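User: I have this model open next to my notes and would like to talk it through, beginning with the surface. Could you keep the answers plain?

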Amino acid sequence: MKLELRGITKRFGPLVANDRIDLVVEPGQIHALLGENGAGKSTLMNVLFGLYEPDSGQILIDDKPAKIKGPADALEAGIGMVHQHFMLVPVFTVAESVMLGHESTRGAGLLDLDAARRQVRELSARFGFDVEPDAVIEDLPVGVQQRVEIIKAMARDAKVLILDEPTAVLTPQETDELIEIMRQLRAAGTSIVFITHKLREVKAVADVITVIRRGRVVGQADPGAPESELAAMMVGRSVMLQVDKAPAQPGEVALFVRDLVVTDRTGARVVDHVSFDLARGEILAIAGVQGNGQSELAEAILALVPATGSMVLEGRELVGSSVREVLDHGVGFVPEDRSHDGLVGEFTVAENLVLDLFADARFRGGLGMDLAAIKSNAEARIAEFDIRTRGPEQPAERLSGGNQQKVVVAREMSRPLRLFVASQPTRGVDVGSIEFLHRRIVAERDNGTPVLIVSTELDEVSALADRVAVMFRGRIVGIVPGDTPRDVLGLMMAGVPYEEAQRHAAEHPTTETLIEQDPSAAAAAGPEEGEVP
Amino acid sequence: MSTVTATPPAQPLAAPERGVVAPKVSWRVPGITAAAGLLALLAFGVGAPSGAHSRFDLSFRTDAVQLSPLVVPSQVTNIVIGVVCLLIAAFTVAQTVRRRRTPMWLLAGFGLLWVFAFLVWAVAGKQTSLVDLLQGSLLLAVPLAFGAFGGVLCERSGVVNIAIEGQLLVGAFAAAVVASVTHNVYAGLLAAPVAGYLLGLLLALFTVRYAVNQIIVGVVLNVLAVGLTSFLFSAVLKPNSARLNTPPLMQPIAIPLLEKIPVLGPVLFRQTVIVYALYIAVAVLTIGLFRTRWGLRVRAVGEHPEAADTVGIPVNKVRWRNVVMGSATAGFGGAFLTIGYIGQFGQEMSGGRGYIALAAMILGRWTPFGSLGAALLFGFATKLASVLSVVGTPVPSQFMLMLPYVLTVLAVAGFVGRVRGPAADGVPYVKG
């Protein structure tokens with residue numbers, strides 16, 4: 001099936017998310033849509049899938065104009081989509097999830113679950129998935145949930161499969177498996193639209209690359225093109241892919257964490273006897289797949305969630321303290337979800353810059369606040385952090401993701417710190433801001449502050465970390481040097497101990513690593529397996 | 001350059017040892033059973049007057065076949081029950097130590113035994129009618145159960161229905177008026193769900209179409225129902241009471257054979273059409289929600305509307321349909337208050353039953369059977385209070401009257417196990 005988008009335009013108020021986008025997906029092709037967060041890739045696919053109605057433009061299937069008013073039309077036309085946030089009902093079984101929306105019945109509307117189970121087993125066998133039809137979705141790991149999503153699409157005979165940032169939740173090894181699945185699907189004649197901002201993956205699997213920037217197609221690229229060229233197309237200028245940083249000069253140990261345990265509401269240990277040391281002037285990155293306890297660990301340090309065990313920061317026990325006490329002791333904290341926990345959207349930039357500093361002597365004036373001091377502080381921070389805003393009085397929610405994050409980081413760094421903790425410091429942030437934030441974090445380290453970074457992005461971990469602690473199911477699998485190869489970290493993220501991971505990674509490098517070592521492998525690493533000279 | 005192997009096919013790694021996730025041991029069940037067992041043994045058993053007997057009638061006076069009443073020696077019976085209860089409590093302790101769950105049927109049995117011990121103690125030296133107690137509980141449970149079903153239908157699709165109270169009230173009103181005018185109870189029975197449906201249309205309009213806060217709309221509709229029926233009652237019904245507010249009462253219909261079952265037969269199978277409708281409704285709803293295409297889609301919409309939307313299910317249409325269906329069901333239950341039980345319509349006669357129905361739905365974990373069970377429990381507590389205030393017991397009757405509400409508070413506060421409703425309950429669905 002040939003799919004064509006012609007002149008698609010979608011506006012949200014004054015924002016033009018898609019600006020006259022043209023795109024052709026040929027049959028049996030893996031077509032990568034490459035672009036930064038917020039470039040308009042997902043919007044475009046939601047238009048194609050009928051979730052958004054375009055303001056103008058046309059969708060053509062096999063050169064005939066198609067009317068796609070909703071997901072039902074898209075599915076009918078043979079378009080399937082695996083969303084970035086999975087569209088699965090957590091309490092349903094796999095079979096129920098797959099049959100939902102096109103249920104086969106045994107008359108009188110009674111569900112024919114056996115037929116659904118058969119279908120799941122059949123598709124699961126065809127792609128080598130090993131998915132149990134009666135398993136409940138919420139008990140499945142994300143990698144398996146993603147396979148359920150693919151089965152869902154294939155059960156509806158999708159001819160074009162849209163994968164929206166499918167690797168965001170996967171380890172490098174799982175990503176490798178997904179790439180293999182994509183090749184299988186291509187071999188079976190399914191076209192794939194692969195949305196991503198990760199250059200490595202695009203190079204590993206794409207037949208055609210279309211780059212989108214600020215809602216516009218900026219051009220097509222060849223999968224053989226060097227990463228720096230793709231990055232430049234994506235961002236619109238040449239970018240530094242690696243942060244320049246001097247080797248760490250660790251001072252004395254400032255933070256001792258011993259046997260830290262956090263339990264969730266059901267009583268499961270989400271942080272399970274975690275111990276580590278953190279010295280002044282070093283960056284320790286906590287790596288791991290989303291949901292393995294890293295977020296809770298960071299929250300426990302700020303006393304947002306109750307914990308047991310011990311955390312001593314420069315002679316003071318933090319376990320059992322209040323959030324206020326932890327902040328006053330000099331802990332800077334950048335939360336994972338800036339729009340919920342880091343900012344008050346309706347407040348101005350200036351107010352957000354003093355959100356946890358309102359009691360500070362600098363900003364106090366008698367019983368009230370010293371508005372002049374707050375304003376001059378805002379102007380100073382805006383200049384220092386290059387925050388692109390119309391002024392200190394603009395509501396924070398109007399800023400782009402990258403600039404919002406700069407506000408949060410600027411606030412946390414605007415007082416003397418004994419510890420800086422940042423959870424997903426650059427999630428959903430444009431490449432320019434990522435560069436800037438990374439440089440600031442390294443600068444903070446060089447000032448002698450111990451820095452703890454929680455990140456699910458291996459690129460970020462490799463860029464920043466002096467040491468890496470890998471977490472899996474609430475435990476630290478190992479603490480390894482910052483220059484540990486991605487493949488090894490990836491295996492550790494699946495719970496494999498360091499030595500075994502090293503051995504396994506040496507024996508079975510992932511496709512991406514191979515391509516990095518030898519770009520000609522990209523062309524050869526096709527659907528057929530074999531030896532490449 | 002050396003030879004490199006292209007990607008090996010995906011190989012699952014040896015599953016690493018799972019971090020031990022030990023669930024917190026909850027001592028709630030053993031604690032409660034042990035305390036209740038001790039109470040049964042010491043207060044109801046040892047504390048009962050020695051030599052007294054408790055007498056329970058097992059037949060209605062009107063029954064053709066009269067069963068001889070059950071007479072038990074109060075103290076001895078309760079000491080035996082108390083010991084059995086403590087044995088069960090010891091078993092739950094053992095299960096908890098071994099980190100196993102105590103089977104639900106055993107806990108249910110424990111509850112029944114304990115309630116029986118309480119009854120034996122309360123009527124020591126006196127008598128009461130067991131069948132009357134059971135039948136009364138059932139009848140009091142009918143409007144609660146229908147209200148709870150109405151709640152289940154709405155909330156499974158993701159719309160909170162606080163307006164059950166108002167739906168019961170307008171159902172009761174419509175049934176009374178229509179039955180009076182037409183001199184036909186069945187016309188009244190049909191009018192009740194129509195009234196509930198109309199109120200449901202408003203609920204759906206504001207919560208589904210305009211995405212207004214569902215709790216606020218529900219409360220407003222309750223106030224509207226109270227105001228409207230109170231106004232019509234004093235302005236129209238009172239002056240024309242004979243013509244507009246003297247509905248005929250539904251007559252019980254005995255089901256052949258089934259009514260002959262001792263004790264339970266007359267209680268369950270010599271009832272009005274509304275009660276039989278309850279039996280049918282619980283079965284139809286259970287199968288409908290959990291075994292049919294309709295139910296799967298409704299649950300998907302209530303749990304994860306975006307997911308339902310992406311497979312082509314019209315989320316708001318499903319919600320709209322369920323809201324009016326649920327409201328009609330609650331309205332139908334309202335008919336029982338007038339033409340099924342009391343007769344005349346009285347101002348604000350629903351008297352908070354809608355809220356208790358909501359609690360029954362939560363206690364019943366959003367399932368039809370659970371809701372019915374919870375409604376029966378509340379019905380039993382209410383009936384027990386009135387029976388015991390007649391018999392005269394050591395417990396002040398005011399405390400007994402509090403019982404259903406205490407149970408409600410505990411249920412809504414989530415004390416009874418982990419209560420998890422539909423994930424998208426109460427969240428309007430607005431497309432991107």
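User: How much area does chain B expose, and what share of it do carbon and sulfur atoms supply?

Analyst: Chain B exposes about 19,600 Å², and carbon and sulfur atoms supply 70% of that area. Accessible areas here come from the Shrake-Rupley method with a 1.4 Å probe, and for residues only the protein chains shown count as cover. Please keep in mind that this is a predicted model, in which local features need pLDDT of at least 70 and side-chain atom pairs count only at pLDDT 80 or more, while totals for chains, interfaces and linings use all residues. Residues are numbered from 1 along each chain as its sequence is written, chains are lettered from A and ligands numbered from 1 in the order in which they are written, and side-chain values use heavy atoms, with hydrogens and water left out.

User: And what percentage of the residues in chain B is buried?

Analyst: Of the 432 residues in chain B, 49% are buried, where buried means under 20% relative accessible area, exposed means over 50% and partly exposed lies in between, again with a 1.4 Å probe and protein chains only. The C-alpha trace of chain B spans about 100 × 60 × 40 Å along its principal axes, and the secondary structure of the chain comes to 16 helices and 6 strands. Helices (H or I, at least four residues) and strands (E, at least two) are DSSP runs, numbered from the N terminus.

User: Which residues make the nonpolar surface patch?

Analyst: B:L38, B:L42, B:V46, B:I79, B:V83 and B:L87 make a nonpolar patch of about 520 Å², and both α1 (28-46) and α2 (74-97) of chain B supply at least two residues of it. Patches are made of residues with over 30% relative accessible area and no salt bridge, joining like charges within 9 Å and nonpolar side chains (Val, Leu, Ile, Met, Phe, Trp, Tyr) within 5 Å; a salt bridge is a side-chain nitrogen of Lys or Arg within 4 Å of a carboxyl oxygen of Asp or Glu. B:L38 is found in α1 of chain B and is partly exposed, with a relative accessible area of 43%.

User: Different residue: what does B:E303 touch?

Analyst: Leaving out residues up to four places away in sequence, B:E303 touches A:V89 and A:V91 as well as B:G421, B:P422, B:A423 and B:A424, contact meaning heavy atoms within 4.5 Å. B:E303 lies in helix α11 (residues 293-303) of chain B and counts as buried at 13% relative accessibility. B:G158 and B:E303 are 145 residues apart in sequence, yet their C-alpha atoms are 7.1 Å apart in space.

User: Over to chain A, then. In what order do the strands of the 6-strand sheet run?

Analyst: The order is β16-β19-β20-β13-β21-β22 in chain A, an open sheet with mixed pairing. The edge strands are β16 (331-334) and β22 (475-481), each pairing on one side only. Two strands pair if DSSP finds at least two bridges between them. Within the sheet, β19 (residues 419-423) and β20 (residues 451-455) of chain A pair in the parallel sense over 4 bridges, with A:F420 opposite A:V451.

User: Which strands does helix α9 of chain A lie across?

Analyst: Helix α9 (residues 294-301) of chain A lies across β13 (283-287), β16, β19, β20 and β21 (467-472) of chain A and runs at about 145° to β19(A). Axes are lines fitted to C-alpha atoms, for helices over the stretch in contact, and angles run from 0 to 180 degrees between N-to-C directions. Because 6 of the 8 residues of α9(A) are buried, the helix is largely enclosed by the rest of the structure; the buried residues include A:L297 and A:I301. Just after α9(A), A:A303 takes a positive phi of about 70°.

User: Last one: how many residues of strand β3 in chain A are buried?

Analyst: In β3 (residues 30-35) of chain A, 6 of the 6 residues are buried, with A:I30, A:A32 and A:L34 on one side and A:H31, A:L33 and A:G35 on the other. Strand β3(A) runs parallel to β8 (residues 191-196) of chain A, joined by 5 bridges, and A:L34 stands opposite A:T196 in β8(A). Strand β9 (residues 208-213) of chain A is also joined to β3(A) by 5 bridges in the parallel sense, with A:L33 opposite A:T210.
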